[in-house]
Each structure stands twice: as structure tokens, then as C-alpha cells.
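Please open the structure in your viewer and keep the selection tool at hand. The stops below go from the whole chain to single residues.

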Amino acid sequence: MALEDFYSNCIFFLRWIHIMAGITWIGLLYFFNFVNVPFQGVLEKELKPRVNPPLLLRALWWFRWAAMVTMVVGWTLLIYKYGQGNLWTDADGKFSQRAMWILFGGTLGTIMWFNVWFVIWPAQRQIIRFVKEGQSPPEMPGLAKRALLFSRINTYLSGPMLFGMIAPNNYGAINLGTMIAVIAVGLAVPWCLIKASANVGQTI
């Protein structure tokens with residue numbers, strides 16, 4: 001049965017936008033780390049001024065704005081849903097495990113958003129400008145290392161962050177052992193994928 005009241009439909013629509021934006025953001029994050037980094041390593045130097053600016057400017061536009069929409073809509077949903085549904089506390093009046101999970105995921109997501117807007121994008125913008133102008137100033141390698149480092153950090157954080165996003169409705173319990181396991185697995189899986197990315201997809 002369709003939702004009849006305005007607020008329920010609005011929340012459902014916002015949740016849909018949050019998921020769509022999140023898929024776009026994390027999908028591009030994985031594209032950069034699993035596909036583009038190995039590709040840049042074998043791309044001929046003389047082709048980079050022709051290939052990278054039009055490709056990366058488009059990809060980075062979707063990347064940073066998807067991150068912004070995900071973060072803004074996500075926190076809006078969290079504040080509204082948990083405030084209206086009284087989900088911050090459990091039956092005993094203690095801070096609920098559900099709220100702990102969502103705040104865990106939301107905090108990691110906010111760190112990732114900050115890295116996108118205030119570290120990765122500013123560095124990449126300067127690099128693309130240098131590439132378009134055919135320049136290679138001394139600060140360029142440092143900018144590339146900084147952008148890659150924080151992109152890697154976001155890739156590692158994405159595993160635990162996504163667990164924190166889905167745990168409130170699908171997992172529930174939270175304790176020290178669970179957190180250690182989630183963080184360990186969440187970091188290990190992206191690490192394995194990054195290690196494998198240099199060697200995959202080279203044959204038909």
C-alpha cells in the first residue's frame with residue numbers, strides 16, 4: 001500500500017536520493033582506486049594532457065557532488081528519523097546500539113566527505129591545471145601523493161562505513177569484539193582489492 005502522508009513519502013524519497021548518491025560516490029571512489037590508478041601507471045606521458053583533463057574533470061565533478069549530497073541528505077535523514085522515532089535510546093533509557101552503529105557509519109562518512117572536498121579535490125584541481133598547461137612544477141608530485149593517500153584512506157574507511165550504515169536494520173548488536181572484527185574486515189577487503197587491481201583485467 002502506497003504511503004499516504006507527505007512526511008513518509010518525503011523521507012522515503014530522501015532515502016532513495018541518499019542511496020543513489022552514495023552508490024555514485026563510492027562507485028567512483030572504487031573506479032579511481034581499482035581502475036584509474038593502475039591505468040595511469042601505464043598511460044603514456046604524452047597522452048595524459050589529452051586523456052586526463054576531460055576524463056577526470058567529469059569524474060571528479062560527479063565524485064565530489066555525490067559525496068556532498070550523500071552527506072547532507074544522510075545527516076538530514078538521521079536527525080529526523082532518530083529524533084521522530086525516538087531511536088537514540090533503548091528501552092532502558094541508554095544510548096541505543098542502533099544509534100551507535102549509525103553514528104559510527106555517519107562519522108566515517110563525514111570524514112570521507114571532508115577528505116573529498118578539502119584534500120582530494122583541491123589537489124586534483126591543481127594537478128589537472130598543470131597537466132592542461134603542460135607544466136610539471138616541483139610541487140606536482142607532492143600534490144599527487146596527497147590526493148592518492150587520502151583517496152586510499154577513503155577506500156579503506158568505506159568498508160567499516162558501509163557496515164555501520166546497514167547494521168542498524170540488519171545486525172543490531174554492537175560490542176568491542178564486533179567493532180574490532182568490523183574494522184579489521186572492513187580494512188582488509190579494500191586492501192586486498194587494491195593489491196589485486198594492478199594485475200586484473202589484462203586479458204580477455
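Begin with everything selected and colour by burial: of the 204 residues in the protein, 37% are buried. Bear in mind throughout that this is a predicted model.

**The whole protein**

In a cartoon view, the protein shows five helices and zero strands, and the order of its elements from the N terminus on is α-α-α-α-α. If you align the view to the principal axes, the C-alpha atoms fill a box of roughly 65 × 40 × 40 Å. Turning to contacts with a separation of 6 or more, residues 24 or more positions apart account for 77% of them.

Switch next to a surface, where the protein exposes about 12,300 Å², with carbon and sulfur atoms supplying 68% of that area. Colouring the side chains by charge brings up 16 positive and 8 negative ones, and the centres of these two sets lie 9 Å apart.

**Helix H1**

Select residues 6–42, which form helix H1. The 37 residues of H1 should span 54 Å at 1.5 Å a residue, and because the end C-alpha atoms are 53 Å apart, the model agrees with that expectation. Follow the axis of H1 to Asn36, where there is a kink of about 40°, shortly before the proline Pro38.

Staying in helix H1, pick Ile11. Is Ile11 buried or exposed? Ile11 counts as buried, because its relative accessibility is 15% and the cut-off for buried is under 20%. Show what surrounds this side chain: apart from neighbours within four places in sequence, Ile11 is in contact with Leu77 and Tyr80. A distance drawn between the C-alpha atoms of Ile11 and Leu77 reads 7.1 Å, although the two residues are 66 residues apart along the chain.

**Helix H2 and what follows**

Now select residues 48–84, helix H2, whose 37 residues reach 51 Å from the first C-alpha to the last, close to the 54 Å expected at 1.5 Å a residue. Move just past the end of H2 to Asn86, which takes a positive phi of about 50°.

**The loop between H3 and H4**

Helix H3 covers 97–132, and in the loop between H3 and H4 you will find Gly134. With a relative accessibility of 66%, Gly134 counts as exposed, since exposed means over 50%. How far apart in space are Gly134 and Phe104, C-alpha to C-alpha? The two are 43 Å apart, with their positions 30 residues apart in sequence.

**Helix H4**

Select residues 140–170, helix H4, and centre on Asn154. Asn154 is buried, with a relative accessible area of 0%. Which residues is Asn154 in contact with, leaving aside its neighbours within four places in sequence? They are Leu29, Ile111, Met112, Asn115, Val116 and Ile120.

A short step along helix H4 takes you to Leu157. As general background, an α-helix has 3.6 residues a turn, so residues three or four places apart point the same way. Leu157 is also buried, its relative accessible area being 17%, and beyond four places in sequence it is in contact with Leu108, Ile111 and Met112. Ile111 and Met112 are therefore worth keeping on display, because they appear in the contacts of Asn154 and also in those of Leu157, residues that are both buried. For a further reference distance, Leu157 and Val119 are 15 Å apart from C-alpha to C-alpha, and 38 residues apart in sequence.

**Helix H5**

The last stop is residues 176–197, helix H5, in which you should select Cys192. Cys192 is partly exposed, with a relative accessible area of 42%. To relate this residue to helix H1, draw a line to Gln40: the C-alpha atoms of Cys192 and Gln40 are separated by 20 Å, and the two lie 152 residues apart along the chain.

Key. Residues numbered from 1 in each chain as written. Predicted model: local features only at pLDDT ≥ 70, side-chain atom pairs only at ≥ 80, totals over all residues. Heavy atoms only, no water. Helix = DSSP H or I, 4+ residues; strand = E, 2+ residues; numbered from the N terminus. Expected span 1.5 Å × (residues − 1). Bend = angle between axes of the 7 residues up to and from the residue. Buried < 20%, exposed > 50% of the residue type's maximum accessible area, 1.4 Å probe, protein only. Contact = heavy atoms within 4.5 Å. Areas by Shrake-Rupley, 256 points an atom, 1.4 Å probe, with all protein chains shown as cover. Lys, Arg positive; Asp, Glu negative; His and termini not counted. Charge placed at Lys NZ, Arg CZ, Asp CG, Glu CD.
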